[in-house]
Amino acid sequence: MKITEHIQNAKGKTLFSFELIPPLKGQSIQGIYDAIDPLMEFKPPFIDVTTLREDYLYKEHENGLLEKLSYRKRPGTIAICAAIMNKYHVDTVPHLLCGGFTKDETENGLFDLQFLGIDNVLVLRGDARRGDASFIPTPNGHNYATDLLQQVVDMNNGVYLHEYNEDNLKTNFCVGIAGYPEKHFEAPNMKTDFKYLKQKIDMGAEFIVTQMFFDNQKYFDFVNNCRANGISVPIIPGLKPLANTKQLAGLAKTFHIDMPEDLCDAVAACKSEKEVKELGIEWTINQCKELIKFGVPVLHFYTMSNAGPTKRIAEAIF
């Protein structure tokens, strides 16, 4: 079932969903199941599974020279989505990236998803590789999320990369995109950011999942601006409870978000990291209560495959 259908069928009730990260290469899928099992009581209609692009590693040869190799640490997104659907009978939302994939690999991956009965995808440009100063597209890949979105839209219309005929299978993906309540860090201003967001909606994107935020007003302003700019699709807030003191600066730097002064002051008053973790959970619970009053369609949690804090929050909310 499509994400938009899940939201429509909920008839105004706020749904619960979460995001998982694939295990490191060589680890079993049991870690994914261990992260899902404690959260199934909250009846998630869908679960996101991230995709990570390749990084580089350097292999030293006997002559002392280093060989630069491409290495994907966390493969298996499509297989994990299929395994989750088979075991838990819930929909999954794999992330599609520009970085790390050619157009042909993307097309073949989309066919795999179609054959598996996966109805939803989240289209993202993806981050720069570690060590790269900025995003570098993969040769014969896509430069921008709009390009990747167009490929999915084309396949929904039966248009493939290398051939077209009237008998081509038309895929039927419900496509989500990312939204940034505090502006994408590469956009020069919020107006430009909205311009490209609206472009993606006009191209056929059907829902938005936001970057994490710790100040609900940022989300409220973002939604209001979207509506004022003619964007009417569901806007799903992304949430992550603060886990430790280092994340105050770490999350702000990595995700280009603002940490509220009240939260920073409260963390500074904590006497232990355990207190910080409890504060993070309580802060997110309060966020969720306010977001539900606002009428959000879904509360979406970035779990990093750690169910504990999200379970605590969901117990207080659902």
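These notebook entries follow what I looked up in a predicted model, from its barrel of strands to single residues.

**Entry 1: the barrel**

I began with the strands, and I found a closed barrel of eight of them, running E1-E2-E5-E6-E7-E8-E9-E10 with parallel pairing. From one strand to the next, the twist averages 25°. I then looked up helix H1, residues 3-10, and noted that it lies across strands E1, E2, E5, E6, E7, E8, E9 and E10, while its direction makes an angle of about 155° with that of E1.

**Entry 2: strand E1 and its neighbours**

How many residues of E1 are buried? I found that six of its six residues are buried, and I wrote down that the strand is mostly covered. Next I sorted the side chains by direction: Leu 15, Ser 17 and Glu 19 point one way from E1, whereas Phe 16, Phe 18 and Leu 20 point the other way, and all are buried. I set this beside a rule from my course, that side chains in a regular strand alternate between the two faces of the sheet.

I then followed the pairing on both sides of this strand. E1 and E10 run parallel and are joined by five bridges, and in E10 the bridge partner of Glu 19 is Tyr 302. With E2, strand E1 pairs in the parallel sense over three bridges, and here Leu 20 stands opposite Val 49.

**Entry 3: strands E2 and E5**

In E2, which covers residues 46-49, I saw Phe 46 and Asp 48 pointing one way and Ile 47 and Val 49 pointing the other, and all of them are buried. E2 pairs with E5 in the parallel sense over four bridges, and along this pairing Asp 48 stands opposite Val 93 of E5.

Why can E5 be called largely enclosed by the rest of the structure? Seven of the seven residues of E5 are buried, so I could describe the strand in that way. Its side chains again go in two directions, with Asp 91, Val 93, His 95 and Leu 97 on one side and Thr 92, Pro 94 and Leu 96 on the other. On the way to the next strand, E5 and E6 pair in the parallel sense over three bridges, and Leu 96 stands opposite Val 123 in E6.

**Entry 4: strands E8 and E9**

Further along the barrel I checked one more pairing, and I found that three bridges join E8, residues 207-212, to E9, residues 235-239, which run parallel. In this pairing Val 209 stands opposite Ile 236 in E9.

**Entry 5: the loop between H1 and E1**

I looked up two residues in this loop, Thr 14 and Lys 11. Is Thr 14 buried or exposed? Its relative accessible area is 9%, and because buried means under 20%, Thr 14 counts as buried. I also listed its contacts: leaving out residues up to four places away in sequence, Thr 14 touches Ile 292, Val 296, Pro 297, Val 298, Leu 299 and Phe 318. With one of these, Val 296, the backbone oxygen lies 2.8 Å from a polar atom of the Thr 14 side chain.

Lys 11 is exposed, because its relative accessibility is 77% and the cut-off for exposed is over 50%. I noted as well that Lys 11 has a positive phi of about 55°, although it is not a glycine.

**Entry 6: the loop before E5**

His 89 lies in the loop between helix H3, residues 77-88, and E5. I found that its phi is near 55°, a positive value in a residue other than glycine, and that at 69% relative accessibility His 89 counts as exposed.

**Entry 7: rings**

How many aromatic pairs does the structure hold? I found 12. One of them is formed by Phe 16 and Phe 18, a tilted pair with 5.8 Å from centre to centre and 45° between the planes. Both Phe 16 and Phe 18 are buried, and ring pairs link these two with Phe 42, Phe 301 and Phe 318 into a cluster.

Last, I looked at Lys 87, which lies over the face of Tyr 33 at 4.9 Å from the ring centre. The charged end of Lys 87 also sits over the ring of Tyr 88, 5.5 Å from its centre.

Note on methods. Residues numbered from 1 in each chain as written. Predicted model: local features only at pLDDT ≥ 70, side-chain atom pairs only at ≥ 80, totals over all residues. Heavy atoms only, no water. Phe/Tyr/Trp six-rings, centres within 6.5 Å; stacked < 30°, edge-to-face > 60°. Buried < 20%, exposed > 50% of the residue type's maximum accessible area, 1.4 Å probe, protein only. Lys NZ or Arg CZ within 6 Å of the ring centre and 35° of its normal. Pairing = 2+ DSSP bridges. Axes fitted to C-alpha atoms, helices over the stretch in contact; angles between N-to-C directions. Contact = heavy atoms within 4.5 Å. Polar contact = N/O pair within 3.5 Å; in protein donor to acceptor, adjacent residues only side chain to side chain.
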